[in-house]
Every structure is written in structure tokens, then in C-alpha cells.
Amino acid sequence: MSEPSTPLTLPKGFQTAALAAGIKPSGKTDLSTVISETDCVWAFAGTRSTTAAACVTRNRDLYAAGGPVRALVVNAGNANAATGKRGARDNADLADALGSVLNVDMNGVLTASTGIIGHPLPMDRVLSGVEHLPEDLTDDAAAFASAIMTTDLRPKTASAQLSAGLPGGARIVGVAKGSGMIHPDMATMFAFVFTDAAVDGPGLRAAFSAVVARTFNAVTVDGDTSTNDMAMVLANGQAGEVALHDFLPALETVMRDLARQIARDGEGATRLLTVRVSGALTEAEALTAARTCCVSPLLKSAVHGNDPNWGRVIMAVGRSGAAVNIEGMTVAVQGNPVFAGKPLPYDDAAVSQSMKAEEVVFEIDLGVGGASGEAWGCDLSAEYVSINADYTT
């Protein structure tokens, strides 16, 4: 599912606004919001990092409380992580400020922050910006996608159309950011999904973690989990009821699309790395093996150099801990079989040439079961080192 060529609008009842509040030294847009006209049921997943930022811990507490939400406010200039009690107060004040402007309870306002760790929020500029945020509301999803970017090279959006009770049907629109520090455990990764479908709240919550496991938790750029990772879906119900068995596959398709866009936009990346694992004992083991391959610096370097070194696949699968029968294991690179319990003859130059494509696909059968999983990453280039060596200097 690719981003449409026509302007992508938010679902019915959602609006967005963004401005430059002076949080980013560059002066670029750094503060944004998405507001719903009515209460939303929602599902949430946040990083399991033990140094999670204040926005993650507060959103998690609100999620546990089970109340509805009306708005999201995003600061894309400062992580507000490792900032202690002051950071928690500032994060709460950010929610309270937008709630006051919108005349909604602050517990109905979710927060998200991304940027450099360890710096206090410039609250005078933040609060001044929040005051003016709702003055220029629009339904332009792409504008919100651009406003939340940090080191991203391009905005990331995806959408799906659903049938529902009202003419025109219900829609799902997803927006994400992330380019480096991507190895979610629920990169610097945000994923926000909005829908006007009316869905069963408890059912959505019960299913969301499994959908996250197969999408955002199956993407990796560099193996580093951010303090601020989060994914959420907000449903305001304005387009009528949609059964979960219809809604969840469409939601997963949108989230999968966003996950692949994050991997393709990895810092310094020149191509998307896809690893498909089959023949595993469980889906969890298949996903673990696939993601271990995607995060391996050796395999990522081989992809960058167009080197069909299948030994690095064997290594990564082995260290993943997934059960494997190596005598029954198979590996293919770009559709070319290179290993089947033993090395296979293949044209090294031809396979290397096939790896110069925008997407490089490894297919691996572990030979022990019937479960499968897929993960996405990117190659490892010298540009990745350059970007991160100069990140704060």
C-alpha cells in the first residue's frame, strides 16, 4: 500500500496544525498537534526502555487508566528524556496547555517528544507555541508528517479505505517518523494512526500488541532502542461502525507500510533490507530470527557491498536463539538459492548484481515448523557513521 499521489487528508473529525516554536535551533517546524472533534478510543505501545522519556511514561499511565483522548501534541526538537522531575512537570504542562486552549481535560491530551536527550524543554517557547497551535487547523496529513521529522529524509504516510455505516466509508491514515536509533521494543520512532471508524475499544487494545509485534517491532535500523518510541491508534467513530475482523487487517497493512518506510529511510541507507523467515517453530521465533538478521552489522555491510555472503545469515540466525535444523535449512538471496543444508552452486557475480536493487530480500526456511515472520532493515553505509558522529556537534 503506497502513499497516494493526491493530497492525503486526515479521517473525518481530525484536524492538525504545526508551527516553529523555536525548539529546534534550525528554526524549522517543531511543534504540532492532531485534534479530534469527539472522544477517541485508542490503543498504545511505548518503548520498554528503562530510561523511557516522560511522554512515554505519562501516556502509558493514561492508557492504563482507560479514559478517552481528544488530542495529541508533538514536540520534534527535544526528547525531554533524562530530565528528571522537571521533565515530567514540563511534559504535563505541555498537555495541560493544549487542553486549556481546546477546553478539554489534560488527561485527554497525549504527548510525544523527540530530539536530543538530556536537555530541558524551553517551556516559554513551547507554551507560547501551544497557545497559537489551533489558529490554523487543516486536515492535511502530509503537513503533520513533515512537522514531526528530525533526521528523516522524507515524510512517511500510509492509508486504507474501509466500508462503514455512512456514505464514503471509514478511513485509516497513518503517519510515522524515524530514521535512526531504530530498534523498537514495544526508533527514534513515532507512529500515529487515526481512523474515523467506530471500533470496539477493548478488542482494539487486546489486538494492538500483536499487530505492533509484526510491524513496528519487526523493523530495525541500527539496533538502538530510543527512550521515546511509541505507536498509537486513535478512533473517533465518526464514519460508523466497522467490525474488528475487517478493521485489524487494514490497520496492520497501514502499519506494515509505515514500518517499511522507516527502514528504507534509515540514516545513510541506500536500500531496503527484507528478511522473510519460514519453517520456524513459532511466529515469535520467526520474527526474532528475521530481525536479528536485519540488525547484524555484518549482514547489513554485505548488503551495502552487494556481497551474497550467506554465511552471515547462518551466523545471525544462530545467535537469534531460534530453533533451526541446519541440515534442512535453506537460504535464498533475491530469489537465488544459495544454501540448502549445504552450500549450493550459484553465479556469484549474477547474484551480486541482483543485490543492487532498491530492495534486497533474503528468504530463510529454518526447517523445524510451520510458522513465519518478516522483518525490515537497511544496509550499513559510511554515511550512517558520519550522521551520528556529528549529531550534536
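Contact here means heavy atoms within 4.5 Å. This is a predicted model in which local features need pLDDT of at least 70 and side-chain atom pairs count only at pLDDT 80 or more, while totals for chains, interfaces and linings use all residues. Residues are numbered from 1 along each chain as its sequence is written, and side-chain values use heavy atoms, with hydrogens and water left out.

**Exercise 1. Place Thr83 and list its contacts.**

Task: Where is Thr83 found, and which residues does Thr83 touch, not counting residues up to four places away in sequence?

Solution. Step 1: start with the elements, where helices (H or I, at least four residues) and strands (E, at least two) are DSSP runs, numbered from the N terminus. Thr83 sits in the loop between β3 and α2.
Step 2: check accessibility, where buried means under 20% relative accessible area, exposed over 50%, and partly exposed in between (1.4 Å probe, protein chains only). With a relative accessible area of 16%, Thr83 is buried.
Step 3: leaving out residues up to four places away in sequence, Thr83 touches Gly118, His119 and Pro120.

**Exercise 2. Work through the salt bridges.**

Task: How many salt bridges does the rule give, and which parts does the pair of Arg70 and Asp39 tie together?

Solution. Step 1: apply the rule, a side-chain nitrogen of Lys or Arg within 4 Å of a carboxyl oxygen of Asp or Glu. The count comes to 9 salt bridges.
Step 2: Arg70 and Asp39 form one of these, at 3.9 Å from N to O. Because Arg70 lies in strand β3 (residues 69-75) and Asp39 in strand β2 (residues 31-46), the pair ties together parts that are 31 residues apart in sequence. Arg70 is partly exposed at 24%, and Asp39 is partly exposed at 45%.
Step 3: now take Glu283 and Arg214, whose closest N and O atoms are 3.8 Å apart in a salt bridge. Glu283 belongs to helix α7 (residues 283-295) and Arg214 to helix α5 (residues 201-214), so this pair links parts 69 residues apart in sequence. Glu283 counts as partly exposed at 36%, as does Arg214 at 25%. Arg214, Glu252 and Glu283 are also linked in a network of salt bridges.
Step 4: finish with Glu374 and Arg276, whose salt bridge has its closest N and O atoms 3.3 Å apart. Glu374 is in strand β13 (residues 371-378) and Arg276 in strand β9 (residues 272-280), so parts 98 residues apart in sequence are tied together. Here Glu374 is buried at 12%, whereas Arg276 is partly exposed at 34%.

**Exercise 3. Describe the surroundings of Asp152.**

Task: Is Asp152 buried or exposed, and what does the side chain of Asp152 reach?

Solution. Step 1: Asp152 lies in the loop between α4 (141-147) and β5 (156-162), and its relative accessibility of 7% makes it buried.
Step 2: look for polar contacts (a pair of N or O atoms within 3.5 Å; within protein, one must be able to donate a hydrogen and the other to accept it, and residues adjacent in sequence count only if both atoms are side-chain atoms). The Asp152 side chain reaches the backbone nitrogen of Thr150 at 3.2 Å. A polar contact of 2.7 Å also joins the side chains of Asp152 and Lys156.
Step 3: along the chain, Asp152 and Gly178 are 26 residues apart, and their C-alpha atoms are separated by 6.2 Å.

**Exercise 4. Follow the packing from α9 to Phe362.**

Task: Which residues of helix α9 are buried, and which residues does Phe362 touch, not counting residues up to four places away in sequence?

Solution. Step 1: in helix α9 (residues 311-320), the buried residues are Val313, Ile314, Ala316, Val317 and Ser320. They pack against α7, α8 (297-304), β10 (330-333), β11 (336-340) and β12 (359-365).
Step 2: just after α9, Gly321 takes a positive phi of about 90°.
Step 3: move to strand β12, which holds Phe362. Phe362 is buried, at 1% relative accessible area. Not counting residues up to four places away in sequence, its contacts include Val313, Leu273, Leu299, Val303 and Met355.
Step 4: Phe362 and Cys294 are 68 residues apart in sequence, with 9.8 Å between their C-alpha atoms.
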